[in-house]
Every structure is written in structure tokens, then in C-alpha cells.
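Here are a few friendly notes to read alongside the model. Please keep the 3D view open as you go through the points.

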Amino acid sequence: MEMLQDPESGISLPQKRYYRQRAHSNPIADHCFDYPAHPDDVNWQELYPNLTEGQCVEFADIGCGYGGFLVTLGDMFPDRLAIGLEIRVKVSDYVMDRIKALRILHPGKYNNIACLRTNAMKYLPNYFRKAQLDKMFFLYPDPHFKRAKHKWRIINQALLSEYAYVLRKEGLVYTMTDVEDLHKWIVQHMLQHPLFERLTNEEEISDPITSKLYQSSEEGAKVVRNKGAHFLAIFRRL
Ligand code: SAM
């Protein structure tokens, strides 16, 4: 459970209202991003203060928004490193400030989570080596309803090969959305790809992460508040 304010130091978690930004950022446009030429060029130690020799990021929350699910991953997997990737500058600033505050409020905790501002549709292989990731999360991705904008969807045929590249064998892709049409799109594209298969319903339900996918993230919590529908699908990298 996140403590909101440390009574002694007065340090508190950042407030979202100071970090608002319009909902959509064009993922295909050429924003100015600094990005590493190779994963070894990233200063991982700066992101994870307790990084040990040989340790690397294994979980990636793609389009992490305000970082609620990332914090849950930090709690659930204290010995594994998770990263949130977020394209919107103010939103990624919020997540970075949130993690900084959490580390102060809970000494010794949350050193295993970090956030990067980047375009996950363009730069994944710049940050992750082949077969590095164990889990990728796509929670409530932007639906881009209009047909002309379908190319902006973060799950699409071309990008799936990139996701398969950074995922290790048996690694998992978790997807959750409140938009049924997008869910069908995701399932259709994932199943068309030769390197992914969908988990059975029993496997999906028995995964300890599944129950957290409904409302750990800010978008998920909103769907629960509005009593909306959730569509879950988990895929295995073959
Ligand atoms: N996953 C979060 C949640 O469940 O609360 C946020 C969901 S929000 C609807 C989608 C997020 O993905 C937005 O914060 C958006 O800025 C981010 N996003 C969209 N395209 C992206 C991209 N190409 N790279 C990184 N982040 C992206």
C-alpha cells in the first residue's frame, strides 16, 4: 500500500493534477527522443540504484500511463526489475517523481521499478536485447477507433515481430482492454503471428498477475469505477 505522506519529512507523492496532458500522442510522428544506439549504452544503474551484476529488466509495462500497475509489479516481484515505457512527457515525469517519492517513503523498496520516456513503437530493440524480457504488459492501450488510425495501434502485425524479438521463449504478453473491438483485433493479430499462442482460460485465470490487471492501473481503476467490461488475453512466446 502506498503511503501518501511521510509525517516526519513532509515528503509526499506527486499529485496528478500537475502532470495532466492530452490523452493521445501520435506514436508515428517524429518526436525528438534521445535513445541509445544499443541496450548496453543505457545507464541502468542510474535507473535501478541496487542493480547487481548480471541483473537486467525482465518486465516491461508498455504505455504505463501514471504507473499504478508498475508499482504493483514492484510490490509483487521485489527481486525482479520492471520498467514502464511512456510516450507522454508529463505523464512519464509523474511516474519518475512517484517512484522517487515512494523510495523515500518506503526505504529499501521500489528500487526495482523505473520509468523511461520513449516511443515503445520505435525504440524497443534500442533498450532490450534479444530474448531479454520475460513479460510485456499492454494494459488498456489507446483504442484508436477510426480505421485510418488503426496503424497507430500498439499491437499490429509489424510490431509483433519486434515484441517476439525482445521476449524470451515462454515469455508472456498480457493484454487488457475495455474495448471489445480492440480485444478482437489484438487476439486476431496475435494468433496470426507464428511466434505467439494464446494461453488457455485456465492458465489465464491461474496466473497470479491476472487479478491485478483489472484495476492496479489508473485506466483499469476507472473502468472498474464505471462498471465497464474488461477483456483479457495472455499470449505465450513460442
Ligand atoms: N497502461 C496505463 C493504464 O492502464 O492506466 C495507461 C493506459 S492509457 C489509455 C495508454 C498509454 O499509452 C498512454 O499513457 C499513452 O501516452 C501511452 N502510449 C501510447 N502510445 C505509446 C507509445 N508508442 N510508446 C509509449 N507509450 C505510449
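1. Which ligand atom does a polar side-chain atom of R88 lie 2.9 Å from? The partner of R88 is an oxygen atom of the ligand. This is a polar contact, that is, a pair of N or O atoms within 3.5 Å; within protein, one must be able to donate a hydrogen and the other to accept it, and residues adjacent in sequence count only if both atoms are side-chain atoms.

2. Before going on, please note that this is a predicted model, where local features need pLDDT of at least 70 and side-chain atom pairs count only at pLDDT 80 or more, while totals for chains, interfaces and linings use all residues. Residues are numbered from 1 along each chain as its sequence is written, and side-chain values use heavy atoms, leaving out hydrogens and water.

3. Backbone atoms meet the ligand too. A polar backbone atom of G63 is 2.8 Å from a ligand nitrogen, and a backbone N or O atom of E218 lies 3.4 Å from a ligand oxygen. Taken alone, the ligand exposes 600 Å², and the protein buries 93% of that (Shrake-Rupley method, 1.4 Å probe).

4. Now for a look at N126. This residue belongs to helix α4, residues 124-127 (helices are DSSP runs of H or I, at least four residues, numbered from the N terminus). N126 is buried at 14% relative accessible area (buried means under 20%, with a 1.4 Å probe and protein chains only).

5. The N126 side chain reaches the backbone oxygen of P36 at 2.8 Å. Leaving aside residues up to four places away in sequence, N126 touches Y35, P36, A37, H38 and P39 (heavy atoms within 4.5 Å).

How values were computed: Helices (H or I, at least four residues) and strands (E, at least two) are DSSP runs, numbered from the N terminus. Buried means under 20% relative accessible area, exposed over 50%, partly exposed in between (1.4 Å probe, protein chains only).
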